[in-house]
Amino acid sequence: MSALPIASFPEVRAFARTLIRRHRGSLAIMLSLYAVAAVAALVPAYVIGILINDATTHALSDARITAALEVLASSSLAYGALTFFARRRSYILGERVFADLRDSFLQSVLNLPLLEVERAGTGDLLSRTTSDVEAMSRTVRFAMPEWLVAIVQTLLTFAAMALVSPLASLACLVSMPFLFFATRHYLRYATPGYRRERISYASLAGTVSETAEGARTVDALQLADRQNRRIEANLRENFYAEMYTLLMRMIWFPITEGAFALAVAATLGWSGLLALHHVITIGAATTVTLYVVQINDPLDRIVSWLDELQMGQSSLARLVGVSAVRDTRPLSGPEPSDEELRVEHVHYAYGEGRDVLHDVSLVIRPGERLAIVGPSGAGKSTLGRLLAGMDAPTSGSLTLGGVAVSDMPLASLRRHVLLVTQEHHIFLGTVRDNLALAHPEATDPAIEEALDAVDALDWVRLLPRGLDTELGTTGHPLSPAHAQQIALARLVLADPHTLILDEATALLDPRAARHLERSLSAVLEGRTVIAIAHRLHTAHDADRVCVMRDGRIVELGSHDELLALHGDYAALWRSWRHETPSSAS
Ligand code: ADP
């Protein structure tokens, strides 16, 4: 299994930049509001400095105290009001950016080629859509705005300190080396740690979902111990990954806290000394020291949100990584000239593996019923997947009406060829929505016609709201047979000229759904049907039978012709009849 890609730092940065650019206006307004609020927050320390100077020069009067109180009160009010509006804007902005992000992630997920999802396993995708999106939401909604605001506040406070007394402000710089080196060290070693943490969540989610989805197999093969061991190994990895980042924080937090305390102490001592020697006033010394105390708060936030931003960044890298998987299919291309599927000298290997199809050539006649038979592992399903255009042959060509199937835009290919699987999923939505999936422009009469073709119109009409009845997990419950009919009606509506049925997985299992046979034959009527047959009576009823062995076509012809050959098919037929005498005709 090869995991989905993770975007590189420059890719993440470029993505973040376009995201910021799109919201540039609101971002500027929000930051300006915060800047004005930060200036209002600087007023009290300054006023206190003036009052102290007044007191030391005996210039203090009732009027000056009253004026100072008025300034204090109004600056506090202004600060409160401005912060309120700024915060409101920042939350709205956060939600917008997050919605954007989710939109673009959803787009990339929906555009993922099926093959890649199969290759990467669903756990990876699942953890990206859950824990990474979750981490991203914290970053975008809280960490990013708080961080930007803290930077604005820090810069403005530094500027105010420098205005009051550049000389006195110098003292707080003693803590900078500690902050800088500790943080640099932390970021360098913690980033891979957070990435490891996220990857460990993904494998844990993968194992758990795989165990739950395959619960029956796990039971049947008594794999519980093995799965438990796997989950334990995942948990252990998860534990060590978390321990590592925790250790990183345990080293880093005390150093930064210490650095803050050091800055305050150094400024108090140094500006006190300057005041004692009359280089600056006591008021200025007080104001600068208060500013250093005050700056600790935004500086602390800058440094501690870095943590969250790191996590956000590694999550974003995983989200943006999904969009890096490009579907190689073009969005438009030539239309096939007819309905003939032509397989010529096709070789195919999964990934870097050995060839599982060798020099397969086959022309499928429009309208015929072709059964593909052969022992398990012969390559039947693989050929079916290639015919459905799910992957391109390694060499050779596979064309529909002269156009390479793997190069056809998915939307147009699906109008011609459909692979039928057992996923007769009912989506959340009305009956109409569920059918229109196959053909978005379908009119109500066309939808009703499709339902009628599979004998479903009568019961759909009796539903509480007819075509408008809500289905899906929270909607009107459907029996499995009705759900299958909806899925069949979807096929009728999609109206491909060729259907590929993999009997092992197809929803059209006549044995399981005898009573659906009429619906089924209505769907197959007038189409080319390629059946990957696991029961030989399908082969018996087909126009032609294609026998595969070890990735090659070894026999091709009608049932009777092949029996007369006394070859592979005749042997398969004999042993099948022998095994299941009752079902042979
Ligand atoms: P059949 O449908 O006739 O049972 P398949 O087409 O499923 O045969 O398999 C043909 C060969 O390809 C087998 O050797 C099988 O192990 C291999 N194979 C099938 N699917 C995959 C896959 N996803 N990755 C790697 N090998 C595969």
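Two strands are taken as paired if DSSP finds at least two bridges between them. Helices (H or I, at least four residues) and strands (E, at least two) are DSSP runs, numbered from the N terminus. The model is predicted: local features need pLDDT of at least 70 and side-chain atom pairs pLDDT 80 or more, while totals for chains, interfaces and linings use all residues. Residues are numbered from 1 along each chain as its sequence is written, and side-chain values use heavy atoms, with hydrogens and water left out.

**View A. The open sheet of four strands has the order S2-S1-S4-S5.**
Pairing in this sheet is antiparallel. S2 and strand S5 (403-404) are its edge strands, each pairing on one side only. Strand S4 (residues 395-400) is joined to S5 by two bridges in the antiparallel sense. Thr399 stands opposite Ala404 of S5.

**View B. Strands S1 and S2 form a hairpin.**
Six bridges link strand S1 (residues 341-349) with strand S2 (residues 355-364), and the pairing is antiparallel. Val346 has Val360 of S2 as its bridge partner. Five residues separate the two strands, and Gly351 in the turn has a positive phi of about 55°.

**View C. Helix H11 lies across S1, S2 and S4.**
Contact here means heavy atoms within 4.5 Å. H11 runs at about 60° to S2. Axes are lines fitted to C-alpha atoms, for helices over the stretch in contact, and angles run from 0 to 180 degrees between N-to-C directions.

**View D. The ligand and the residues around it.**
A residue is counted as near the ligand if one of its heavy atoms lies within 4 Å of it. The shell consists of Tyr350, Arg354, Val356, Pro375, Ser376, Gly377, Ala378, Gly379, Lys380, Ser381 and Thr382. Helix H11 (residues 380-387) gives the most to this shell, with three residues. By class, the shell has four nonpolar, five polar and two charged residues. Ala, Val, Leu, Ile, Met, Phe, Trp, Tyr, Cys and Pro count as nonpolar, Asp, Glu, Lys and Arg as charged, and the others, Gly among them, as polar.

**View E. Polar contacts of the ligand with Tyr350, Arg354 and Gly379.**
A polar contact with the ligand is a pair of N or O atoms within 3.5 Å. A polar side-chain atom of Tyr350 is 3.4 Å from a nitrogen atom of the ligand. For Arg354, a polar side-chain atom lies 3.4 Å from an oxygen atom of the ligand. Gly379 takes part through a polar backbone atom, 3.0 Å from an oxygen atom of the ligand. Of the 550 Å² of accessible area that the ligand has on its own, the protein covers 59% (Shrake-Rupley method, 1.4 Å probe).

**View F. The open sheet of six strands has the order S6-S9-S10-S3-S11-S12.**
Its pairing is mixed. Strand S6 (417-420) and strand S12 (552-557) are the edge strands, each pairing on one side only. The twist averages 20° from one strand to the next. S6 runs parallel to strand S9 (residues 498-502), with four bridges between them. Leu418 has Leu499 of S9 as its bridge partner.

**View G. The hairpin of S11 and S12, with helix H20.**
S11 and S12 run antiparallel and are joined by five bridges. Met548 stands opposite Ile553 of S12. Two residues lie between the strands, and Asp550 in the turn has a positive phi of about 45°. Helix H20 (residues 568-579) lies across strand S3 (369-373), strand S11 (544-549) and S12, at about 95° to S11.

Terms used. A polar contact is a pair of N or O atoms within 3.5 Å; within protein, one must be able to donate a hydrogen and the other to accept it, and residues adjacent in sequence count only if both atoms are side-chain atoms.
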